[in-house]
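Please look at the sequence and the structure shown here before reading the report.

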Amino acid sequence: MTKKTAVFLLAAVLVLLLAQGGCRPAVETGEPDPFPGQQPQPGDTSIEPPKADPAAVKVDETGKVMILMYHVIGAEKEAPWKQTAANFRRDLLTLYNEGYSLCSLGDFVANDIRVAAGRTPVIITFDDASAGQFRYLTGENGKKEIDPECAVGIMLDFAEKHPDFGCTATFYINENPFDQKECWKEKLQELVELGFDIGNHTLTHPKLNQLSDESVQKELAGLARLVEQAVPGYQVDSLALPHGISPQNALLAVQGEYMGYRYHHRAVLKVGANPAVSPATRGFDPLRLPRVQASTVELEKWLNYFRKNPAERYVSDGDPSTITIPRGKEGLVDKERIKGKELVVYP
């Protein structure tokens, strides 16, 4: 063998070894890869990101979902219906670290949940439109700025640091919301621009079962009309019952009319209780949605429940066009509610 031939063979062997090494994962853990398949390279847009293996991330879209109910934010110390700003931040971080991501109430009711694979949707609601939920401060140049210690400011800051958590919630308001009367319209407009939702909590927060049918419709149509006047084209489509009490004529909580103005709610929320069932399952009723009171005690109780009972928790497949469930739970699925979506069952 000539020296030239030997050099050529050595170079060929080196190329072969490098090619084989490049096909091996950088770290071999012995665990199944939850995202199998070809991985896209930097700058390569021809390969779609691989879907998660549902078994590896324990997907179950028949599980339960927490709709959290907050009231006062920014109290000096926690009390029933009151939460400190620090504890609200703590709640967001705890939820994020335990695999939850925010989902809008509208997407939940429509069974159009859009959170990443392996994560659990959670819905945040605020009742009563108190000052600590959304407050403006006046900056040095006289421009209004969102108070970083109010609920909206805290959520925006958290979303900037944790963009995969999301930033959405529904504010259930009464007349004269958020206390700063001179700029309440501006606040409603900014809420919508920021991607938050506005819900109906009546004009004056009465016990609806003590009102006549006409007065119930005045309360509900009046608030919906007030919002649409402040934010032209925006339609309030959900109601949080004041005190958790339905009117004597329960249908009026869903739809009605007052002085020519019609309202229609596709979701009606109760006070407190427990997590809601999946919108893909039998028994889901958007007109009787339970909520979890977001006090330290109640929230921790339900977080601990799902830690001990992970099979009860909704876990997303990351694809809103499919409903993915483990084998054995097919009987829980409501075929009418998942029309237009593919049902995926995995072993």
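The report below takes up one serine, one helix, two residues with positive phi and one pair of helices.

This is a predicted model, in which local features need pLDDT of at least 70 and side-chain atom pairs count only at pLDDT 80 or more, while totals for chains, interfaces and linings use all residues. Residues are numbered from 1 along each chain as its sequence is written, and side-chain values use heavy atoms, with hydrogens and water left out.

Ser 295 lies in the loop between strand E14 (292-293) and helix H8 (296-308), where helices (H or I, at least four residues) and strands (E, at least two) are DSSP runs numbered from the N terminus. With a relative accessible area of 15%, Ser 295 is buried; buried means under 20% relative accessible area, exposed means over 50%, and partly exposed lies in between (1.4 Å probe, protein chains only). When its neighbours within four places in sequence are left aside, Ser 295 is in contact (heavy atoms within 4.5 Å) with Glu 78, Gln 83 and Glu 300. The side chain of Ser 295 also reaches the backbone nitrogen of Glu 298 at 3.2 Å. The C-alpha atoms of Ser 295 and His 71 are separated by 9.7 Å, although these residues are 224 residues apart along the chain.

Helix H6 (residues 184-193) has the buried residues Trp 184, Lys 187, Leu 188 and Leu 191. Seen down the axis of H6, these buried residues fall within an arc of 100° (taken from the directions from the helix axis to the C-beta atoms), so they line one face of the helix. They pack against several elements, including helix H5 (151-161) and helix H7 (213-230). After H6 comes Gly 195, whose phi is positive, near 95°.

Two residues other than glycine also have a positive phi, as the table sets out.

| Residue | Phi | Loop | Relative accessibility |
|---|---|---|---|
| Asp 128 | near 85° | between E5 (120-127) and E6 (136-138) | 31%, partly exposed |
| His 205 | about 60° | between E9 (197-200) and H7 (213-230) | 23%, partly exposed |

Two packed helices are described by the angle between their axes and the distance between the axes. The axes of helix H3 (residues 85-97) and H8 come within 12 Å and cross at roughly 5°, and H3 and H8 are therefore roughly parallel to each other. Here the axes are lines fitted to C-alpha atoms, for helices over the stretch in contact, and angles run from 0 to 180 degrees between N-to-C directions; angles under 35 degrees count as roughly parallel. Asn 87, Arg 90, Asp 91, Thr 94 and Leu 95 in H3 meet Thr 296, Leu 299 and Leu 303 in H8.

Key. A polar contact is a pair of N or O atoms within 3.5 Å; within protein, one must be able to donate a hydrogen and the other to accept it, and residues adjacent in sequence count only if both atoms are side-chain atoms. Angles under 35 degrees count as roughly parallel, over 145 as roughly antiparallel, 65 to 115 as roughly perpendicular and the rest as oblique.
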